[in-house]
Amino acid sequence: MGGVEDDNEPASKRIKISSGVLRGLSNGSSCIEPISVSSIDLMARPLPSEGGEEILGSKGVIKRHEFVRIIAEALYSLGYEKSGARLEDESGINLHSSLVSEFMQQILNGQWDECVVTLQKIGITDDSVVKSASLLILEQKFFELLDQEKIMDALKTLRTEITPLQIKHNRIRALASCIISPCLSVPLGLPSRNSSDIARAKSRTKLLEELQKLLPAAVMIPERRLEHLVEQALALQCTACTFHNSVDKEMSLYTDHQCGKDQIPSQTLQILQAHTNEVWFLQFSHSGRHLASSSSDRTAIIWEADEKGSFSLKHQLTGHQKPVCSVSWSRDDRQLLTCGVEETVRRWNVSTGECLHVYEKTGHGIVSCGWLPSGNCIFYGVNDRSICMCDLEGREFDCWKGQRTLKISDLEITNDGRQIISICKETGILLLDWETRAEKVIEESQTITSFSLSEDSRFLLINLLNQEIHLWSIQGEYKLITKYKGHKRTRFVIRSCFGGLDQAFIASGSEDSQVYVWHKSTGDLIGVLPGHSGAVNCVSWNPKNHHMLASASDDRTIRIWGLNNLSTRHKNSHSNGNHSCNGGT
Amino acid sequence: MDVDPRQYEPIPIKDTDVHAVVLSYLVHNCFKETLESFTSCTGMKQPSGCLEDMEKRKRIFHFALEGNALKAIELTEELAPDLLEKNKDLHFDLLSLHFAELICSKRCTEALEFAQSKLAPFGKVQKYVEKLEDFMALLAYEEPEKSPMFQLLGLEYRQQVSDSLNRAILANSNLPSYSAMERLIQQTIVVRQLLSQEHGKDTFAPFSLRDYLKS
C-alpha cells in the first residue's frame, strides 16, 4: 500500500481480542455525550451523514446515539470489525470517546501510570468507582512487576500508590504477602505468576473486562449489551405467553412467542375403569410414572404407566372397611399411605402391593394422613381434633390438640417440615408451626371445602362453598392473590390442584362433570374439558409430564388427559410434545 | 469488706520460705548484685552455678528488649545450642523482632530481603502464616507506626518476646520458668476472685491487686 509509514503498522499488531473492544475511530470527533462523562471531551455537533432524528421508535424511548453504539458493540462482539468501523464512520457516532479508547489502549499496553491519569480525565463523577478502577489497575501493575521479578518496584507501588488509596487492610496484607510467597496469591484469586507474554496479555484483557463492568455503562458499554436486551425481550414474551407449557420450545426472533392452546391437555387419552364406586381422590407419584386413586368402593388402586404413557392397573389395595378418602405418596414413591374415612391409615409397598402397616387410634377414627419430609414418620389427623405424629412402626411421639377444629380433614405439610396446614374452622385454614406450636390462620369469607398446597410450599389453593377457588401466598405475609371461577360446586367436596410448567396452571374438578383449567397468574379460564358423566371430584397434574392431567369422577372412572393430536405424534416417551412456535405445525 | 483476718493470721510462715520466694524472683530476673547481697545478708546458700549463666541470660534479655534480635539469637545459640531449634515459635518471634527493627529504621530493602530469606521458610507451616502476613503488611505502609499493625513495632511486643526467651532459657537449664512470686500472686488473685464471686458482691468487693498493695 505504498511506503507511508503508518501503513506498515497493521492493526493486527495490537493484541487481538475477540470483543474488538478497543476499536473506535479516534479521529477526534465524537458528538455524543454519555451522561456521566465530562463534556469537555465531547462536543455535540450536527453530522452531515446522519441527518436523522435523535429519538427512534414508535414509543419515543430509544435514543439514536445509544442505539447505534450498541449495534456497533454487537458488530465488534461478533467479530465484524470492518462493519463496526464502517458504522462508526457513517453514523459519526463513536463506540467509545477518544479518551476512553486511549484508556483502553493504555491498559492493553501496560502503560499504567498513563492510564491512571487518563482515568481521572474521563471525568466519572462517582469517586468510589474511580477508586475501585484505580485499584484494579494498580494491582495489575503490582502483579506484573512481581512477575518480572522487579520486587522493589512492586513494593514501591504497594507503598506509595496502593496503600494511600485507603483500601481494606486485609487486602493490603494479602498483597504484601504475595511479595514473598507466590503460593499465597492463588487462593486469593489473583493472577498467577506466569511470566509468559500470552498470560500477561490475557490478564490485561481480563482487567479490561472487569473495568468495563465497573465503569458506568455509558462510558464503556457492557459487552454483548444487545444480546442481553434481546434475551430480556424473549423472557418477557415467555412470561406473557399464557399457554406456555413446554420446556423445549424454540423461540424465534421473527415473531413474538405465543404458545397456542394446544399446549394444555384437552383430550381424553385414556379412561381407567376398575373402581366399582365413586372415585374420590387421585394423585400422581412424584416421578409421574404412577397414579394412585382411592374410591368409596373401599379400595385404592395403583396404576402404572408404560413407556408410551398408557396406564394399567398394577395393584388393587384392599383392606379398608370404609371408603378411602385420600392417598399419599412417600418422597421416593416406594410407599403409599391410604386413609379410610374416620377409620385407619394403611401403609403399602408400591411394587409388591402388600400392606406394611395399619395405623389406628383406639377409640377414634383417622381422617387424613401424610408423610413427614424425612420419610421416616407419618402424621395424621384424628376425628377428636388432634394431629399426631408417629414413626413407621406406629409409635406415636407427638400430638397436638386443636381448639376450634371440628374434624381435621385435609392435612398438608410444608416442604421444610415446619408447618402443618389444615382446616381449623368453617372459614379458616390453620398453619401450625409444629415446633413452636404457633398458630396462624387464614380467614376466608366463605366456608372452605378443601385446599391444596403448591409444590414449592409457597401457595395455597382454597376451594370455597361459593364456587370460587382462591389462591393465597403463604410466604411471608399471607395475601389473597387470585380468584378462579367458572366451575360448579354445590354439594360435594371438589378438589383442585396446581400443575404444568412451573405450576403455572390451576385445574379443578366440578359438579358439572367437567375439568376446568385456569391460568394461575391471570385467573383466566383457559380450558373446560368435558367427558365424564358424573361430578369430577379430584384432579391431579402429572409433575413430570406437564401435558398430562388425571381426573377422578363419580362415574367410577378416571380419565387421563393429554394434548390434542398427541396420539398421532408420539413415538417415544410421553413427556415430549414438539410443536413449532411460528404458527405452523 | 475484706477477708476475715482471723482466717489466715494463724497460719505460720517460715522465714526461709519467704527468702526462697524472693530468691527465685531475683534469679528469674537476673538481678545478680542484689542476689549476692541478699544471700550474704540472709545467710542463704547461693544456688549452684547459676551466677555466670545469669549474667549471660541478662545480656540476652536486654538485647532482645532493645530490638537487637540477631545478637540475642547469637548469644542464645552459645548458651543453649539447640534451644531455638526446639522452640520454633520463639525463633520465629525473634527473627520477626529483627524484621520489625529494620522496618523501624526504614531499611526496607534489607527488611524485604531478610523476610524473603529468613521468614519466608516459616510460611510453609500453616500456623505461622497469619503472623507472617501481619509482619509483611508492615512493609506496605510508608509510615508503619500508623498502620493497623503498629503494636508489632512497640515495646510491649518486644517485652513479650524477651520474656518468652527468658523462660525458654530457664526451662532449658532445668530451672523453673516462672518465679514463685509470680505464681503465688497469680494464684492469690484467682482465689480472691473466686471468693468474691461465691459470696456475692455484697460480701466481698472484687479483688484488685493494686489496691491491695496500696492499702
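**Close-up 1. A polar contact that links B:E133 to A:R173.** In this predicted model, the side chains of B:E133 and A:R173 make a polar contact at 3.0 Å. On the chain B side, look for B:E133 in helix α8, which runs over residues 126-139. This glutamate has a relative accessibility of 18%, so B:E133 counts as buried, given that the cut-off for buried is under 20%.

**Close-up 2. The buried face of helix α2 in chain A.** Helix α2 of chain A spans residues 81-91, and its buried residues are A:E81, A:G84, A:E88 and A:S91. Peer down the axis of α2(A) and these buried residues sit within an arc of 115°, which means they line one face of the helix. Part of what covers them is helix α1 of chain A, residues 64-78. Just past the end of α2(A) comes A:G92, with a positive phi of about 75°.

**Close-up 3. A:S508 and its surroundings in strand β25.** Here the serine A:S508 belongs to strand β25 of chain A, residues 505-508. Its relative accessibility is 0%, so A:S508 counts as buried. What does A:S508 contact, leaving aside its neighbours within four places in sequence? From earlier in the chain, the contacts are A:N463, A:I469, A:H487, A:I494, A:R495 and A:S496. From later in the chain, A:S508 touches A:Q514, A:V515, A:Y516, A:W518 and A:V539.

Terms used: Residues are numbered from 1 along each chain as its sequence is written. Chains are lettered from A and ligands numbered from 1 in the order in which they are written. This is a predicted model: local features need pLDDT of at least 70, side-chain atom pairs count only at pLDDT 80 or more; totals for chains, interfaces and linings use all residues. Side-chain values use heavy atoms; hydrogens and water are left out. Helices (H or I, at least four residues) and strands (E, at least two) are DSSP runs, numbered from the N terminus. Buried means under 20% relative accessible area, exposed over 50%, partly exposed in between (1.4 Å probe, protein chains only). Contact means heavy atoms within 4.5 Å. A polar contact is a pair of N or O atoms within 3.5 Å; within protein, one must be able to donate a hydrogen and the other to accept it, and residues adjacent in sequence count only if both atoms are side-chain atoms. The arc is that of the directions from the helix axis to the C-beta atoms.
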